[in-house]
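Reader: I would like a close look at one part of this model, taken slowly and with every cut-off spelled out. Please begin with the aromatic rings and work outwards from there.

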Amino acid sequence: MIPNTRRPLALLLTASLCLAARPAPRQSPDSLPQSERQQVLQLLLDLPDLQHFYHADLPGRLPVKFQTDAFVTPGLPLRKFNQPVLLLSARQLRQRGSRDYLHLGPLRRRHDTLDFRLGYAIEGVLAEGTLIRHTNDWRVGRYSVVEQ
């Protein structure tokens, strides 16, 4: 049994260890400032292993299209192949009959990492991986691009 004088210290130590063992809280990626969301999305557009799937030489593939959601919002200044990226809602994509667009899956943010899934259905491609925050910018960590 712990003597009475040490009991508060033991309780404090136990509580500290319990808090330290808890997983890092998830933060909403949507809470990132617009400038960081723009940087993250540009990094995803420019993933080296994804480039040949855009087929910029095929008719109708440019400009690149990205489906909007809570993270991909209209007005973000994204560029691909020296052209602005079109940011279109699911409804706008259906109205246009577009099938060649990027779709961002749910993002998971933990402190300085952001796990992503990015699909390009017309090519049957899925990119997934992690972005890592360094000071004031994001960098590509591990990722893979697979054809489904």
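Which residues do ring pairs link into a cluster?

Author: This is a predicted model, in which local features need pLDDT of at least 70 and side-chain atom pairs count only at pLDDT 80 or more, while totals for chains, interfaces and linings use all residues. Residues are numbered from 1 along each chain as its sequence is written, and side-chain values use heavy atoms, with hydrogens and water left out.

The cluster that ring pairs hold together consists of Y54, F81 and Y120. Rings of Phe, Tyr and Trp (for Trp, its six-membered ring) are paired if their centres lie within 6.5 Å, and the pair counts as stacked if the planes are under 30 degrees apart, edge-to-face if over 60, and tilted for the rest. A search of the whole structure gives 2 aromatic pairs. In the pair of Y54 and F81 the ring centres are 5.7 Å apart and the planes stand at 85°, so this pair is edge-to-face. It links distant parts of the chain, since Y54 lies in the loop between helix 2 and strand 2, F81 lies in the loop between strand 3 and strand 4 (83–84), and the two are 27 residues apart. Helices (H or I, at least four residues) and strands (E, at least two) are DSSP runs, numbered from the N terminus. Y54 is buried, with a relative accessible area of 2%, whereas F81 counts as partly exposed at 33%; here buried means under 20% relative accessible area, exposed means over 50%, and partly exposed is in between (1.4 Å probe, protein chains only).

From F81 the picture leads to K80, whose charged end sits over the ring of F81, 5.2 Å from its centre. A charge is said to sit over a ring if NZ of Lys or CZ of Arg is within 6 Å of the ring centre and within 35 degrees of the ring normal. K80 itself belongs to strand 3, and K80 is buried, with a relative accessible area of 8%.

K80 also forms a salt bridge with D46, the closest N and O atoms being 2.8 Å apart. That bridge joins distant parts of the chain, with K80 in strand 3 (residues 79–80) and D46 in the loop between helix 2 (34–45) and strand 2 (65–67), 34 residues apart. A salt bridge is a side-chain nitrogen of Lys or Arg within 4 Å of a carboxyl oxygen of Asp or Glu, and the whole structure holds 8 of them. Unlike buried K80, its partner D46 is partly exposed, with a relative accessible area of 36%.

The side chains of K80 and Q51 are joined by a polar contact of 2.6 Å. A polar contact is a pair of N or O atoms within 3.5 Å; within protein, one must be able to donate a hydrogen and the other to accept it, and residues adjacent in sequence count only if both atoms are side-chain atoms.

Leaving aside residues up to four places away in sequence, K80 touches L45, D46, Q51, Y54, V64 and V85, where contact means heavy atoms within 4.5 Å. Y54 thus appears twice around this site, as a residue that K80 touches and as a member of the ring cluster with F81 and Y120.
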